[in-house]
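Colleague: Got a minute to go through this model with me? Let's look at it together.

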Amino acid sequence: MYFILQKLMLMRRNEKGASAVEYGLLIALIAAVIVVAVILLGTAVSDVFSDTADCVEGQTAADCPA
């Protein structure tokens with residue numbers, strides 16, 4: 001019985017699982033920020049690349065900067 005109580009006391013002081021959970025939450029938060037940034041900036045960046053490609057191809061030369 002003493003052995004079981006001793007193991008339970010050691011498990012209570014062990015914080016390795018808590019740090020793993022904290023790292024998991026940080027990774028989830030960073031991933032959420034990346035997803036939001038891609039959603040918000042995705043169309044703007046796509047438009048810039050499309051305009052640049054059109055200028056390189058010469059389709060809309062009047063709209064291209066000199």
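Colleague: Is aspartate 54 buried, exposed or partly exposed?
Modeller: Partly exposed, because its relative accessibility is 25%. Buried means under 20% relative accessible area, exposed over 50%, and partly exposed in between, with a 1.4 Å probe and protein chains only. This is a predicted model: local features need pLDDT of at least 70, side-chain atom pairs count only at pLDDT 80 or more, and totals for chains, interfaces and linings use all residues. Residues are numbered from 1 along each chain as its sequence is written, and side-chain values use heavy atoms, with hydrogens and water left out.

Colleague: Where does aspartate 54 lie?
Modeller: In helix H2, residues 16-57. Helices (H or I, at least four residues) and strands (E, at least two) are DSSP runs, numbered from the N terminus.

Colleague: How far apart are the C-alpha atoms of aspartate 54 and cysteine 64?
Modeller: 8.6 Å, with their positions 10 residues apart along the chain. Threonine 52 also pairs up with cysteine 64: 8.1 Å, C-alpha to C-alpha, at 12 residues apart in sequence.

Colleague: And what about threonine 52 itself, buried or exposed?
Modeller: Neither. Threonine 52 is partly exposed, because its relative accessible area is 43%. Threonine 52 lies in helix H2.

Colleague: New topic. How many helices and strands does the protein have?
Modeller: 2 helices and 0 strands.

Colleague: What share of the residues is buried?
Modeller: 2% of the 66 residues.

Colleague: Last one, valine 45. Where is its place?
Modeller: Valine 45 is in helix H2. Valine 45 counts as partly exposed because its relative accessible area is 41%.
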